[in-house]
Amino acid sequence: MTGISNLQARHLRKGSAIREHVDRMLELNPVMQQDFNYRNPEDDQLFQAEYDHMDGEKDCKSCDKERLIQRKSRTTNGPVIHYGLIGSANQVMRYGVTREKLRQEWGIICFEMEAAGLMDNFPCLVIRGICDYSDTHKNESWQPYAAATAAAYAKELLGVISPVQVDKTPTAVDAIKASLLHFPDYP
């Protein structure tokens, strides 16, 4: 059974400890509370995919609230874990229409750019903290909290992976060296 499967099973039985990990981090580092704490749910706004942000505006106060997608209120403010395909590229996804097209065609659940190309060189797992909707209404207020929850998930995942599994996994350096053997003339 893989580490992810083990962690999913643990979460089904006992729930996630992500919130507790984030709370503990903030308790030990009070100066981080302002940026890394859970954000205001009113700042979590999803606009219709084809509705672009008002040019020149810093926030969405001037955006047409009639173009907001109405969603059910959440029963908790704890992090939600999603498993699925992550779109990876060398630039930010900022277009709701393109986001929706890729979601429908490929089942992509989110986008990232920091790990772009890593899987070409070695096996890896990308863990993302989701902080916006990959559209022009980008809201960076959730970014620190999303990063903290992703780190807390990684901490939980590392807690269910046996050291033997880690020892058997090739390092990034070894995997890159092995892939370069296939391309000896590569500069």
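In the predicted model, Glu27 and Leu28 are exposed on one side of helix H2, which comprises residues 18-28. Ile18, Val22 and Leu26, by contrast, are buried in this helix. These three residues cover an arc of only 70° around the axis, which places them on the same side of H2. In general, an α-helix has 3.6 residues a turn, so residues three or four places apart point the same way. The cover over the buried residues of H2 includes H3 and H5.

Aromatic contacts were also examined, and five aromatic pairs were counted. In one of these, the ring centres of Tyr38 and Tyr145 are 5.5 Å apart and the ring planes stand at 85°; because an angle over 60 degrees counts as edge-to-face, the pair is assigned to that class. Tyr38 lies in the loop between helix H3 (33-36) and strand S1 (85-88), whereas Tyr145 belongs to helix H5 (residues 143-160), so the pair ties together parts that are 107 residues apart in sequence. The two partners differ in accessibility: Tyr38 is partly exposed, at 25% relative accessibility, while Tyr145 is buried, with a relative accessible area of 10%.

Tyr145 also forms an aromatic pair with Trp142, again edge-to-face, with 6.0 Å from centre to centre and 70° between the planes. Both Trp142 and Tyr145 are buried. Through these ring pairs, Tyr38, Trp142 and Tyr145 are linked into a cluster.

Terms used:
Residues numbered from 1 in each chain as written. Predicted model: local features only at pLDDT ≥ 70, side-chain atom pairs only at ≥ 80, totals over all residues. Heavy atoms only, no water. Phe/Tyr/Trp six-rings, centres within 6.5 Å; stacked < 30°, edge-to-face > 60°. Helix = DSSP H or I, 4+ residues; strand = E, 2+ residues; numbered from the N terminus. Buried < 20%, exposed > 50% of the residue type's maximum accessible area, 1.4 Å probe, protein only. Arc of directions from axis to C-beta. Contact = heavy atoms within 4.5 Å.
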